[in-house]
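I opened this notebook to record what I looked up in the structure. The entries follow in the order of the look-ups.

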Amino acid sequence: MLVVFGIVVLALVLFVTELLPVDVTAIFVMVLLMLLGPDGLVNLTHISAAEGISGFSNPATITVLAMLILSSGISRTGLVQILGRKMAAFAGTDRDRQLLATIGVAGPVSGFINNTPVVAILVPVITDLAHAGKTSPSKLLIPLSYASMFGGMLTLIGTSTNILASDVSARLLGRPFGMFEFTHLGVIVLLVGSVYLLTVGHRLLPERVPVEEDYVREYAIEEYLTEVIVDPSSPLVGQTVAQAIDCATRRPRDGRTGTDGDGEAELDADILQVVRDGEEFIEPLGRKTIRAGDVLRLRADRDTVRRLIERDTLTLTGHPPRTEAELEPDAETAQTLVEVVIPRGSSLAGKSLASSTFRQRYDANVLAFRSRGETVRDDMDRRRIRVGDTLLVQAAPDSIDRLADTDDFIVAHEPSQPHYRTEKIPHAIAIMVGVVALAAAPWGAVGSALAGVTGVGALAALSALSMPILVTALAGVVAMVASGVLEPTEMYEAVEWDVIFLLAGIIPLGIALEQTGGADLLGGLVATTGAYLPAIGVLWVFYMTTGLFTGVISNNASVVLMLPVAIETAHGVGANPFAFVLAVTFAASTAFLTPVGYQTNLFVYGPGGYKFSDYLRVGAPLQLLLSVVTVLGIAAFWGL
């Protein structure tokens, strides 16, 4: 038991500090449990090799995988984007209507499409809506994330947390969730949360991003933009832009850091544009040969510029671009600025700009980026990029479109030429309706009714028929590929593999807690509060504890760790254990307090320009309000 507790503490430290990606941490925990199990070095955890890898075949893991693919199929038809544009048409420039439209679309849609991709799809739609209506995106993006969490509690498939909790409940209590098990309470949470955001929440949100958007000023990069003329005697004459960048900064082509041959520290600079005879050259900029008299637009601090001028025979000229309009004078032909968000599963997550060869792969320059509330403007090539970071990218319009077409980025503005399979919308809707209907249908009642009406006793066999969401979801995946909604290769691109590995790796930890008696011990300790609190008070404590826990680790990890303890506590105080399962599930799926507690919060962190404290300011009153509403609702609907 002590060994398993030690592994839990180690996992929590790694989750909080992000020394390793969350999925790598989960796999490390899984391996550690097996090494210290009966098939490993010494049997301390009671986790065999079969149990250690059971997370990969767990119904929750496979169901989440299938739902991610189904959600991707919906998004590729452009259905959510169409709803977003209709929302924009309804909202206009009125802030209250914009907020109402944001919540009104994100909430209900998230009940039937996994809420994480819903937010990823709607971030650019909401950002464009805010800018068109002269509203700060900061006023709309946290409400977008929160509304998607409300909506995720409308059905079993709204969020991966629900699916995982259903599996744990089935294993420990023999009672999985039905498709609409808690929809009535979910509707109440959605309505109460929406009223809070519409009346109080948006007033607590500061306008972090200026209403008049100007990325140059917003990211405060004016001091990092400079124009220089290449003198005839400059060693840069005759070199390509790519060679000049490497030469001028003394940076090896493989992106490694170090010093030049004279021991001079490498410089941090980028050539953003080349202007020759009044003509601005765009991609592929790296292969453009520099000539005497060319004007180079640089991103570099003042000290770096001074050293470049002294070393490479350059001359300062005019004034550097001070606004976005000056940096991109002709949107038709010049490079443009756009924000891109790093989602889970991005190939850039965990890498630096240098190691990912970003500039070469995407024909784009990063001028600055936001990471966990900090704006980074220098030494960017060596900084590790994390999920939720927002990059300010300069590139040609077609390069921006290519960025939008990959799963590595969420472009914070809709692409100029979106590629959607709108003709497949009816197929996608029919498939999703079939998946939900087949999993939700009361087959027992249907069989008995048909047998009674027709007199055909064989129809009573329907009463024994069970159609798990796992089966219907996988059938839906096959149907989407067969109908052309998805290409076969797109199935693999749709899966957020870090989520799958997180689930597979963390599930054995919950099993270890149960098998070593750790869950019993913790449950017994918490149950002692029953001597001072009524059962509903203990239930509230579990809700708040899970919410705080989820604020620092992933929602899925908190469910796996908290549910066994909650069930044991319920037995200890003589309460309904299913009520405690629901409290933990709702609390883990509605984590408002921090940007790292829930992935949708990370998606809006950078585009909204938020600080960590913004989530606490808006989320703490909401968390407290919903703790009362949810706990009272559980007690009323399911009893204690």
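Is Val-42 buried, partly exposed or exposed? I note beforehand that the model is predicted. I looked up the relative accessible area of Val-42 and found 40%. Buried would require under 20% and exposed over 50%, so I entered Val-42 as partly exposed.

I then located Val-42 in the loop between α2 and α3, the latter spanning residues 49-52. I also checked the surface around this residue. Val-42 belongs to a nonpolar patch, together with Val-31, Leu-35, Leu-41 and Leu-44. For the five residues together I recorded about 440 Å² of accessible area.

My next entry concerns Thr-25, which I found in helix α2, residues 22-35. Its relative accessible area is 0%; the limit for buried is under 20%, and therefore I entered Thr-25 as buried. Which residues does Thr-25 touch, not counting those up to four places away in sequence? I listed Ala-11, Leu-14, Phe-15 and Leu-20.

I turned last to the largest pocket, for which I noted a volume of about 980 Å³. Its lining comprises 40 residues, and those closest to the centre are Ser-75, Ala-404, Thr-406, Asp-407 and Phe-409. I then looked up the elements that give two or more residues to this lining: α5 (59-76), α8 (115-132), α17 (397-405), β10 (410-411), α21 (488-494) and α27 (599-605). Which element gives the most to the lining of the largest pocket? I recorded α8, with 6 residues.

Conventions:
Residues numbered from 1 in each chain as written. Predicted model: local features only at pLDDT ≥ 70, side-chain atom pairs only at ≥ 80, totals over all residues. Heavy atoms only, no water. Helix = DSSP H or I, 4+ residues; strand = E, 2+ residues; numbered from the N terminus. Buried < 20%, exposed > 50% of the residue type's maximum accessible area, 1.4 Å probe, protein only. Contact = heavy atoms within 4.5 Å. Patch = residues over 30% accessible without salt bridge, like charges linked within 9 Å, V, L, I, M, F, W, Y side chains within 5 Å. Areas by Shrake-Rupley, 256 points an atom, 1.4 Å probe, with all protein chains shown as cover. Salt bridge = Lys/Arg side-chain N within 4 Å of Asp/Glu carboxyl O. 1 Å grid on protein atoms, 1.4 Å probe; cavity = no way out; pocket = protein on both sides within 12 Å on 5 of 7 lines; lining within 4 Å. Points joined across faces, edges and corners; volume = space filled by probe spheres on them.
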